[in-house]
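Reader: I would like to go through this structure by asking what supports each term applied to it. Please answer by setting the value against the criterion.

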Amino acid sequence: MLKVLLLFAFCVFGLAVRASGQDHPREDVIETSGGELRIRFIGHGSLMFVFGGKVVHVDPYGSQDDYSRLPKADLVMITHEHGDHLDQDALAKVRTDRTDLVLTEAAAEKVGGGIVMRNGEIKTVGGFRIEAVPAYNIVHKRPSGAPYHPRGIGNGYIITFGEKRVYIAGDTENTPEVKALRDIDIAFLPMNLPYTMTPAMVADAARAIKPEILYPYHFGDTDVTELAPLLKGSGIEIRIRDMQ
């Protein structure tokens with residue numbers, strides 16, 4: 001009963017936000033073969049999905065919302081161990097003893113457990129098929145010369161809702177592994193400079209992946225309007241949401 005009430009509150013809140021006249025809705029609804037997929041754009045790298053009566057949180061980060069007021073998670077996916085993706089206080093507010101937690105090895109060391117997925121692994125967790133995609137930098141590096149996100153540590157995730165394959169890239173560039181992805185319906189690609197991709201890198205990745213819908217996310221101060229001319233003629237629908 002509590003989960004039903006929380007889901008009802010979530011839906012009502014999403015409708016209220018859309019009716020308020022904001023430029024960027026906080027929620028989208030995608031029709032799938034398994035029913036409605038509701039996507040909540042929390043901000044930064046934080047997302048929430050509701051599908052089939054289950055709640056999926058991605059990289060909960062307390063600076064973006066009051067997680068004590070959000071629905072509890074059936075599944076949480078953590079892309080990597082950095083504090084703006086692994087916020088243990090926010091995680092604790094949505095995690096219960098029945099929550100499945102999918103994360104990287106480095107993140108599991110900080111949390112003290114969970115279902116570790118390594119680059120390239122595929123698992124079914126809580127009824128969801130999840131694929132771990134390598135997430136790392138090639139070009140963007142620290143002054144020391146070390147990449148902001150070294151290869152082999154971070155994950156992006158492909159999670160399937162009905163027939164829809166949703167790719168949440170995490171902190172990555174347009175790597176060969178990213179550009180090799182196929183049959184992606186919805187892609188969340190990061191543009192937070194200097195840590196992830198430039199608009200040109202996102203466009204390059206998107207043209208290779210060919211998702212039906214592209215959500216630039218975790219974009220900081222990067223100008224997301226640069227994407228439209230770069231993807232002109234690609235047939236990819238670009239949806240801009242408040243995901244700084």
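Author: Let us begin with a helix of this predicted model. Eight of the 11 residues of H5 are buried, so H5 is largely enclosed by the rest of the structure.

Reader: Which residues of H5 are buried?

Author: The buried residues of H5 are Pro 199, Met 201, Val 202, Ala 203, Ala 205, Ala 206, Ala 208 and Ile 209. They pack against E11, H4, E12, E13 and helix H6 (227-230). Helix H5 itself covers residues 199-209 and lies across E11, E12 and strand E13 (213-217), at about 160 degrees to E12. Just after H5, Lys 210 has a positive phi of about 60 degrees.

Reader: How confident is the predictor in the chain, and where does pLDDT stay under 50?

Author: The protein chain has a mean pLDDT of 90, and 90% of its residues reach 70 or more. Over residues 1-22 pLDDT stays under 50; for this stretch the model has 24 contacts beyond four places in sequence.

Reader: What makes E8 and E14 edge strands?

Author: The open sheet has seven strands in the order E8-E9-E10-E11-E12-E13-E14, with mixed pairing. Strand E8 (122-125) and strand E14 (237-238) each pair on one side only, and they are the edge strands.

Reader: What supports the word "mixed" for the pairing in this sheet?

Author: Strands of a sheet can pair either parallel or antiparallel. Strand E11 (residues 164-168) and strand E12 (residues 186-190) pair in the parallel sense over three bridges, with Ala 187 in E12 as the bridge partner of Tyr 167. By contrast, strand E9 (residues 128-135) and E10 run antiparallel, joined by six bridges. E10 and E11 are also antiparallel, with five bridges. Both senses occur, and the pairing is therefore mixed.

Reader: Which residues stand opposite Ile 158 and Ile 159 of E10?

Author: Glu 131 stands opposite Ile 158, and Val 166 in E11 is the bridge partner of Ile 159. E10 and E11 form a hairpin with two residues between them, and Gly 162 in the turn has a positive phi of about 60 degrees.

Reader: Why is strand E10 described as largely enclosed?

Author: Eight of the eight residues of strand E10 (residues 154-161) are buried, so the strand is largely enclosed by the rest of the structure. In a regular strand the side chains alternate between the two faces of the sheet. In E10, Gly 154, Gly 156, Ile 158 and Thr 160 point one way and Asn 155, Tyr 157, Ile 159 and Phe 161 the other way, and all are buried.

Reader: Which residues touch the most other members of the largest nonpolar core?

Author: That core has 51 residues, and Phe 49, Tyr 167 and Phe 188 touch the most other members. H5 provides its largest share, six residues. Apart from this core lies another, of 19 residues, among them Ile 42, Val 76, Ile 78 and Val 116.

Reader: Why is the contact of Arg 151 with Glu 177 called a salt bridge?

Author: The closest N and O atoms of Arg 151 and Glu 177 are 2.8 Å apart, and the cut-off is 4 Å, so the pair qualifies. The pair links distant parts of the chain, 26 residues apart: Arg 151 is in the loop between E9 and E10, and Glu 177 is in helix H4 (residues 176-179). Arg 151 has 58% relative accessibility and counts as exposed, the threshold being over 50%. Glu 177, with a relative accessible area of 22%, is partly exposed.

Reader: How do you know that Glu 131 is buried or exposed?

Author: Its relative accessibility is 12%, and buried means under 20%; Glu 131 therefore counts as buried. Its side chain meets that of Arg 129 in a salt bridge (3.4 Å, N to O). Arg 129 is partly exposed, with a relative accessible area of 39%.

Reader: What is the status of Lys 164 and Glu 163, whose side chains meet in a salt bridge?

Author: The N to O distance of this salt bridge is 3.8 Å. Lys 164 counts as buried at 13% relative accessibility, whereas Glu 163 is partly exposed, with a relative accessible area of 39%. Elsewhere, salt bridges that share partners join Asp 28, Glu 237, Arg 239 and Arg 241 into one network. The structure holds 16 salt bridges.

Terms used: Residues are numbered from 1 along each chain as its sequence is written. This is a predicted model: local features need pLDDT of at least 70, side-chain atom pairs count only at pLDDT 80 or more; totals for chains, interfaces and linings use all residues. Side-chain values use heavy atoms; hydrogens and water are left out. pLDDT is the predictor's confidence in each residue, from 0 to 100. Contact means heavy atoms within 4.5 Å. Helices (H or I, at least four residues) and strands (E, at least two) are DSSP runs, numbered from the N terminus. Axes are lines fitted to C-alpha atoms, for helices over the stretch in contact, and angles run from 0 to 180 degrees between N-to-C directions. Buried means under 20% relative accessible area, exposed over 50%, partly exposed in between (1.4 Å probe, protein chains only). A nonpolar core is a set of buried Ala, Val, Leu, Ile, Met, Phe, Trp, Tyr and Cys residues joined through side-chain atoms within 4.5 Å.
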